[in-house]
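Thanks, everyone, for making the time. I would like to walk through one model this morning, starting from a single residue and working outwards, so please have the sequence and the coordinates open.

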Amino acid sequence: MDWISTIGYLAASLTTLSFLPQAFKVITTRNTQGISGLMYVMFVAGLVMWLIYGVLIEDAAVSMANFLTLVFALPILVMKCRKG
């Protein structure tokens, strides 16, 4: 793996991991009161587009980071939509 790919994987890991504490908190408490629904709709749509982009350019770092973040973001969006 070259240094450019290493930077990509490191960046993907950091941004994905930085999202996890908030995701776990919301998922375990089911409290979405302080979350903007519009922001989460835009965030999840962006993740889907980044995932598609990563797949199309065959970039594993981009694809995996956005897939993993989507796995945690989508349930939060569903909870937010159900609770309002």
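Let me start with a question: leaving out residues up to four places away in sequence, which residues does Thr69 touch? Before I answer, I should say that this is a predicted model, and everything I quote is computed from it. With that caveat, the residues that Thr69 touches are Thr16, Phe19, Phe43 and Leu47. Thr69 itself sits in helix α3, and it counts as buried because its relative accessible area is 6%, where the cut-off for buried is under 20%. As for its polar side, the side chain of Thr69 reaches the backbone oxygen of Ala65, at 2.8 Å.

Now to the fold around that position. The protein has three helices and zero strands, so to speak a plain α-α-α pattern when read along the sequence. Taken along the principal axes, the C-alpha atoms fill a box of roughly 45 × 25 × 15 Å. Of the contacts between residues at least 6 apart in sequence, 72% join residues that are at least 24 apart.

Turning to the interior, buried residues account for 30% of the 84 residues. The largest nonpolar core has 13 residues, and the ones with the most contacts inside it are Phe19, Tyr40, Ala73 and Ile76. Two or more residues of this core come from each of α1, spanning 3-29, α2, spanning 37-56, and α3, spanning 60-83, with α3 giving the most, namely five residues. Phe19, then, appears both in the core and among the residues touched by Thr69.

If we take Ile76 and set aside its neighbours within four places in sequence, we find it in contact with Phe19, Ala23, Val26, Ile27, Thr32, Ile35 and Tyr40. Two of those partners, Phe19 and Tyr40, are themselves listed with Ile76 for the most contacts inside the core.

Finally, the outside. The protein exposes about 5,800 Å², and carbon and sulfur atoms supply 72% of that area. There is also a nonpolar surface patch of about 620 Å², made by Val48, Trp50, Ile52, Tyr53, Leu56 and Ile57. Within that patch, is Ile52 buried, partly exposed or exposed? Ile52, which is placed in helix α2, counts as partly exposed because its relative accessibility is 47%, and the class of exposed begins over 50%.

That is the picture I wanted to share, and I am happy to go back to any part of it.

Key. Residues are numbered from 1 along each chain as its sequence is written. This is a predicted model: local features need pLDDT of at least 70, side-chain atom pairs count only at pLDDT 80 or more; totals for chains, interfaces and linings use all residues. Side-chain values use heavy atoms; hydrogens and water are left out. A nonpolar core is a set of buried Ala, Val, Leu, Ile, Met, Phe, Trp, Tyr and Cys residues joined through side-chain atoms within 4.5 Å. Buried means under 20% relative accessible area, exposed over 50%, partly exposed in between (1.4 Å probe, protein chains only). Helices (H or I, at least four residues) and strands (E, at least two) are DSSP runs, numbered from the N terminus. Contact means heavy atoms within 4.5 Å. Accessible areas come from the Shrake-Rupley method with a 1.4 Å probe; for residues, only the protein chains shown count as cover. Patches are made of residues with over 30% relative accessible area and no salt bridge: like charges are joined within 9 Å, nonpolar side chains (Val, Leu, Ile, Met, Phe, Trp, Tyr) within 5 Å. A salt bridge is a side-chain nitrogen of Lys or Arg within 4 Å of a carboxyl oxygen of Asp or Glu. A polar contact is a pair of N or O atoms within 3.5 Å; within protein, one must be able to donate a hydrogen and the other to accept it, and residues adjacent in sequence count only if both atoms are side-chain atoms.
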